[in-house]
Structure formats: C-alpha cells, structure tokens
Amino acid sequence: MMNSVWRPYCQMKTAPPPMKIVATEGCHLIGQNGECWIDGMASWWSACHGYNHPQVRDAVTEQLHRMPHVMFGGITHEPAERLANRLAELAPDDLNHVFFSDSGSVAVEVAMKMAIGHWRRHDRPGRTRFLAFDNAYHGDTTGAMSLCDPQRSMHARYSGAITQQYHVALPRDATTEAVLERTLAAHSDSIAGVFVEPLVQGAGGMRFHDVITLRRIRDACKRHDVLLIADEIATGFQRTGKMFAVDHTADLQSPVVPDILCLGKALTAGTMSMAVTIARSHVFDSFYSDDPGAALMHGPTFMANPLACSAANASLDLFEGNPYDVEKIETILRERLSVLRDIDNVADVRCFGAIGVVQFRDPPKMQMVQDELVRRGVWLRPFGDCLYTTPPLCINEDALHRICDAMIEATRATMPRSDSPMCNQLR
C-alpha cells in the first residue's frame, strides 16, 4: 500500500522508516509486534500524566457522548468557562483573561496580535515588531518562526520570507544586559513586546538560565514600556517543578509577572491539541470597548473544543490531587547523567526539573544514538547537538533509571574510540 504521509522534521528520501506504535499505556509506547519502549519524551513534553490515565480518559469519553464540539463564536460551554477560570486562578497576579487556540504556535501568534493591538489602542501603531533571544524557539507558523533564532534555528532557511525581528543574547551579565538595553532604547518606537522562554529554551538547544536573568528582562521591559510575553508552551504544568516556570521568581522581592502568557503541550495531558494565551487586565482592557473594530480578530475553528477542555480540566484535577515529586526526578537525572561529563566529546550535562540534557561538542550521528536507545527499550529523539529526556511526570524510579542507563550506554556506544583521530583531535 502507498504511504502518503509527509513526516515532520526529516528528509523523507533518506530518513529510516518511523516506529509504528499501535497502543500506549502509562509511560510506554507499544509496537505492532508487542515491543515496548519507555517514552522518555512524553510525546514532545505533552503526556505529563503518562498515557491512558483513566481520569482523563473518562472525562473525554463522557464529554464525547454529551457534546464533542461546538463553535466558540457566539456560543459558550461549561468546560471552557471552568477551564478559563481555573487557569486564571493558577496564573500569577492578574493574568485573568484566557484566549483559546488549537496549538502552541498559534498561541504565540495570538500573543503577537494582542501586543500589536494593545499598542494601536494606545496610539503607538508603529509598534509592530518584537525582540526575542539567541537560540530561541517559539513555533513553526510564520509569525512564530520570525521569533526563532535567525541563524541557528531550524527555521533559519526561511529568514528572507518572514518578518525580521530583533534578536540579542540573554542578559546573563552586565555586557549582555547593556546590549538588551541599547536595542530596546534604539527601537522603542517599533518594538511591541519581548518574547522569552522562561528559564528553559527548548528546541533552540535545551539551554537554561536563572531567575536573575529573567528579572533583568522584566526590568528592561518596564524601563522601555514594552510588553513581556512568556512562552511557557513547553515549561508549563510542573515541568520545571513549579506550575509555571515564572513561579520560580515568587521569592524575589518583585516576582516576574509577564503581560501575556502562552501555554500548550501538557495543557490537555497529551490527549489532543489545545493552547491558550492569557493576558493581564491592562492588555485585555485595551480591547474592551464599545467599538466593534477594537475586538481581537482571531478565532480558530476548534478553539475551546469541549473534548480538549474536558481533558485539561481532568489534568488540572490530577495536579491538584497529587503533585509530582519533580525534585526527585531532577536529582536522579543529575546524579545518573553526571558520569557522562568524563567523556571528552560531552560538552555539558545539565538538568532542571524533569529535563535532562547531554550536549556534545562534535555530535555523533544522532540516528545512531537513537537506534541504540531503541535497542535498549527507550524512546528519545535527539536533535542538533543534544540528547535529552523530558519524561512523563508520573514516571517511576525504575523506568527513570532505565532512561538514564540507555542515555549513558547509547552515548558511550556511539562516541569515537579513544585511539581514533577524531577523539585525539577532541582532547
């Protein structure tokens, strides 16, 4: 039979056939011949409670029998209203206004439209561009692509066809902070907002930064009167040990509260696609008017899908009833993966929350690494110069140790021999 599927992020001509999965259970993927792999990716960060959780499944099944979908234009329903209220309660400060969409990339696009619209309502129509950071990744749609690193991201090849935004290094020290300040000062008439992935830059290289860096970004936004937009598509819902990554700033004298917050991925516990963009009151109030032309003109067909809302509400119930021990996950990842620091070709090993990263100096062929992992019963998808894991938060210690074993063994199995020319060059 002809296979008409065009697969993501791969060269169709040379990529090996994908693994065929026929079922899932807990933290496992099950193949067509009964093979079983621990999913150390949580399906791109989304399956936070593992797969087939009965509480999530039952909520979706009940909603399916009652009302699978209605348009959200001119209609509302209880699952969406309940979810919006709960997210507003969880989000910091007055992030109270929840706009639904159907993917993380679209949530970012909505944030861009909110920011531009906000400044137009305040007689600053020239503010139509954005500042983002080196190694940023904010999504695959056209607007979101423009926020990604213009040189090092997977979307660099589209740079001539998308809006050119401003990109600077994260302000980790006085020098890089000064660059951020100068850029905002020089372009204050055109910058509507600053996008940041708080504490964890995801697909741009799995890089971490601290709360002081995040506070520097917030303070610069305040000084130059631009909006701070937090992309927590990946980090939301306890991935870093807090409900949201910005919650790590709660102990600061002045906690960081973004003007707009984007959430997705784990929002529906890996069941179906949905995302939200949450705005603070001063952003929402810019659109709140007697003028019909002041409305936010955006409305995906499947926004606030009742099935997805029911899954998200069930997921929040699970978080409320059984907070995960993310600190223990981080401790195991940190202790186990640290042995790889002794390998010459390993540039860094870093862990934060339920995220473990091994970065290579001279990356091996990542397909070889992945093949070794699969042989050891673990599913991970390395990219660029990184091998990383973002396991389901419900993972037990035995399965987590198996992921670490596989990462260690696969790294060692695919590194150059100690007497090889490549290895000698790396010393």
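How many positive and how many negative side chains does the protein chain have, and how far apart do the centres of the two sets lie? The protein chain of this predicted model carries 41 positive and 50 negative side chains, and the centres of the two sets lie 6 Å apart.

**Figure 1. Overall view of the protein chain, with its 13 helices and 16 strands.** The radius of gyration is 22 Å, close to the 22 Å that the globule rule gives for 427 residues, so the protein chain is as compact as a globular protein of that length. Along the principal axes, the C-alpha atoms occupy a box of roughly 70 × 60 × 50 Å. Of the 427 residues, 52% are buried. The accessible surface amounts to about 19,500 Å², and carbon and sulfur atoms account for 51% of that area. When contacts between residues at least 6 apart in sequence are considered, 70% of them join residues at least 24 apart.

**Figure 2. Positions G104, S105, D231, P300 and T301, listed by UniProt under "binding site" in an unreviewed entry.** These positions span 198 residues of sequence and are also spread in space, with up to 22.6 Å between C-alpha atoms. Two of the positions, S105 and T301, are described here. S105 belongs to helix α4, which covers residues 104–121. With a relative accessibility of 14%, S105 counts as buried. Beyond its neighbours within four places in sequence, S105 is in contact with H138, G139, D140, T141 and A144. T301 is located in the loop that joins α8 (281–287) to α9 (306–321). The relative accessible area of T301 is 57%, and the residue is exposed.

**Figure 3. Surroundings of Y137, one of the positions in a further UniProt "binding site" listing from an unreviewed entry.** The listing comprises W44, Y137, K265, G299 and R381. These positions extend over 338 residues of sequence and are spread in space as well, up to 33.1 Å between C-alpha atoms. Y137 itself sits in the loop between β5 (129–133) and α5 (142–147). Its relative accessibility is 18%; since buried means under 20%, Y137 counts as buried. Setting aside residues up to four places away in sequence, Y137 touches Y9, C148, M154, H155, E197, A203, G204 and D231. One of these contact partners, D231, is itself among the positions in the UniProt listing of Figure 2.

**Figure 4. Backbone conformation at A42 and M206, where phi is positive at A42 and also at M206.** Most residues other than glycine have a negative phi. A42, which is not a glycine, has a positive phi of about 50 degrees. A42 lies in helix α1, residues 42–45, and is buried, with a relative accessible area of 0%. M206 is likewise not a glycine and has a positive phi of about 55 degrees. M206 is placed in the loop between β8 (200–201) and β9 (207–208). At 0% relative accessibility, M206 counts as buried.

**Figure 5. Environment of E232, a buried residue in the loop between β10 (227–231) and β11 (260–263).** The relative accessibility of E232 is 0%. Apart from neighbours within four places in sequence, its contacts are P198, F244, A245, V246, L261, C262 and L263. Among these, L261, C262 and L263 fall within strand β11, residues 260–263. E232 and G202 are separated by 30 residues in sequence and, C-alpha to C-alpha, by 9.9 Å in space.

**Figure 6. Two threonines in helices: T411 in α12 and T175 in α6.** Helix α12 spans residues 397–414 and contains T411. T411 has a relative accessibility of 0% and counts as buried. Its contacts, with neighbours within four places in sequence left aside, are L340, I343, V346, F360 and L387. T175 is found in helix α6, residues 174–186, and is exposed, with a relative accessible area of 57%. The C-alpha atoms of T175 and D39 are 41 Å apart in space, and the two residues are 136 apart in sequence.

Definitions and conventions. Residues are numbered from 1 along each chain as its sequence is written. This is a predicted model: local features need pLDDT of at least 70, side-chain atom pairs count only at pLDDT 80 or more; totals for chains, interfaces and linings use all residues. Side-chain values use heavy atoms; hydrogens and water are left out. Helices (H or I, at least four residues) and strands (E, at least two) are DSSP runs, numbered from the N terminus. The radius of gyration is taken over C-alpha atoms; the globule rule is 2.2 Å times the number of residues to the power 0.38. Buried means under 20% relative accessible area, exposed over 50%, partly exposed in between (1.4 Å probe, protein chains only). Contact means heavy atoms within 4.5 Å. Accessible areas come from the Shrake-Rupley method with a 1.4 Å probe; for residues, only the protein chains shown count as cover. Lys and Arg count as positive and Asp and Glu as negative; His and the chain ends are not counted. The place of a charge is taken as NZ of Lys, CZ of Arg, CG of Asp or CD of Glu. UniProt positions are given in the numbering used here, feature names are shortened, and annotations may be inferred rather than shown by experiment.
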